[in-house]
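Welcome! Here are some short exercises to work through with the structure on your screen. Try each task before you read its solution.

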Amino acid sequence: MSNARTEPAVVRWSLIGIALAYLVLFIFMPLFIVFSTALEKGIAYYFHSLTDVDTIAAIKLTLITALIAVPLNLVFGVAASWVIAKFDFRGKSLLLTLIDVPLSVSPVISGLIFVLLFGLQGLFGPWLRAHDIKIIFTPIAIVIATIFVTFPMVARELIPVMKAQGSEEEEAAITLGASGWKTFWYVTLPNIKWGLLYGIILCNARAMGEFGAVSVVSGHIRGLTNTLPLQIEILYNDYDFTAAFAAASLLAFLALFTLVIKTLVEYRYRAELEAVGKKTH
């Protein structure tokens with residue numbers, strides 16, 4: 001039986017070699033190029049590039065955008081997951097489909113939709129112009145576009161977790177007299193905490209690295225509406241490659257940090273599931 005389940009050594013080593021080649025070509029080499037180019041003029045120039053006025057403004061706008069988008073998507077994700085996983089209602093499949101829309105639509109198209117809605121010639125343009133409200137080509141548009149492209153992240157991680165756990169524990173808590181809020185805080189939240197944290201990590205990474213949608217709605221105004229990915233593009237187009245890769249290294253650090261946290265969360269989550277399984281048996 002063991003021989004029937006084991007592939008020949010040449011097959012195993014070929015698959016391992018292909019996987020390693022893929023990692024080297026598409027992950028390790030790009031990371032090496034990013035950091036080597038960022039540091040090719042020395043560490044002093046690296047930090048000088050990161051302290052440029054426009055780059056600092058781009059970093060601040062990126063952080064502010066993430067600080068707004070992630071908590072809002074957290075609230076939406078928990079509420080949507082709760083409704084979808086715990087209740088049966090008409091239109092449930094439609095809600096699931098709508099949650100997946102940002103994942104199926106190109107971010108550039110998403111940004112164009114907001115231009116057609118809130119631009120001066122857009123659907124709400126005359127009303128916004130009459131009330132002296134400007135959305136497109138402002139940080140507000142960047143926040144709106146980022147919220148749109150990231151709002152499935154938390155919900156998509158929590159829905160399968162909540163479905164797998166069922167609603168028996170919540171029903172027992174309510175039967176014993178717990179309020180809805182206490183049931184959520186003391187029963188539901190501890191059960192979903194690792195999936196919730198995983199969703200937050202992915203949502204934050206996407207919010208800080210989004211390019212397509214914010215590129216359309218930002219206007220590329222230096223020091224005002226450029227997020228870090230847009231600032232990298234501007235520096236690269238200005239042939240300041242070292243500064244561009246220095247800024248890109250910040251996003252690379254974010255990606256590596258996200259990967260480490262994701263791995264730790266998955267490890268803790270699997271360990272907790274195994275502990276629960278041992279108790280039930």
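**Exercise 1. Is Phe 76 buried, partly exposed or exposed, and which ring does it pair with?**

Step 1. This is a predicted model. In it, Phe 76 has a relative accessibility of 30%, so it counts as partly exposed.

Step 2. The whole structure holds 12 aromatic pairs. One of them joins Phe 76 and Phe 151: the ring centres are 5.1 Å apart and the planes stand at 90 degrees, so the pair is edge-to-face.

Step 3. Now place the two rings on the chain. Phe 76 belongs to helix H4 (residues 53–86), while Phe 151 is in the loop between helix H8 (139–150) and H9, so the pair ties together parts 75 residues apart in sequence.

Step 4. Phe 151 has a relative accessible area of 16% and is buried.

**Exercise 2. Find how the rings of Phe 118 and Phe 124 are arranged, and which cluster they belong to.**

Step 1. Phe 118 and Phe 124 form a stacked aromatic pair, with 5.9 Å from centre to centre and 25 degrees between the planes. Planes under 30 degrees apart count as stacked.

Step 2. With a relative accessibility of 39%, Phe 124 is partly exposed.

Step 3. Phe 118 and Phe 124 belong to one aromatic cluster together with Phe 76, Phe 114, Phe 148 and Phe 151.

**Exercise 3. Which helices does the salt bridge between Asp 100 and Arg 156 tie together?**

Step 1. A search of the whole structure gives 4 salt bridges. In the one between Asp 100 and Arg 156, the closest N and O atoms are 2.7 Å apart.

Step 2. Asp 100 lies in helix H5 (residues 92–104) and Arg 156 in helix H9 (residues 152–165), so the bridge ties together parts that are 56 residues apart in sequence.

Step 3. Both partners are partly exposed: Asp 100 has 24% relative accessibility, and Arg 156 has 30%.

**Exercise 4. Look at the salt bridge of Lys 92 and Asp 88: which residue is buried and which is exposed?**

Step 1. The closest N and O atoms of Lys 92 and Asp 88 are 3.2 Å apart.

Step 2. Buried means under 20% relative accessible area, and exposed means over 50%.

Step 3. Lys 92, at 17%, is therefore buried, whereas Asp 88, at 72%, is exposed.

**Exercise 5. Find the ring that the charged end of Lys 41 sits over.**

Step 1. Locate Lys 41 and follow its side chain to the charged end, which sits over the ring of Tyr 45.

Step 2. The distance to the centre of the Tyr 45 ring is 4.9 Å.

Technical notes:
Residues are numbered from 1 along each chain as its sequence is written. This is a predicted model: local features need pLDDT of at least 70, side-chain atom pairs count only at pLDDT 80 or more; totals for chains, interfaces and linings use all residues. Side-chain values use heavy atoms; hydrogens and water are left out. A salt bridge is a side-chain nitrogen of Lys or Arg within 4 Å of a carboxyl oxygen of Asp or Glu. Buried means under 20% relative accessible area, exposed over 50%, partly exposed in between (1.4 Å probe, protein chains only). Helices (H or I, at least four residues) and strands (E, at least two) are DSSP runs, numbered from the N terminus. Rings of Phe, Tyr and Trp (its six-membered ring) pair if their centres lie within 6.5 Å; planes under 30 degrees apart count as stacked, over 60 as edge-to-face and the rest as tilted. A charge sits over a ring if NZ of Lys or CZ of Arg is within 6 Å of the ring centre and within 35 degrees of the ring normal.
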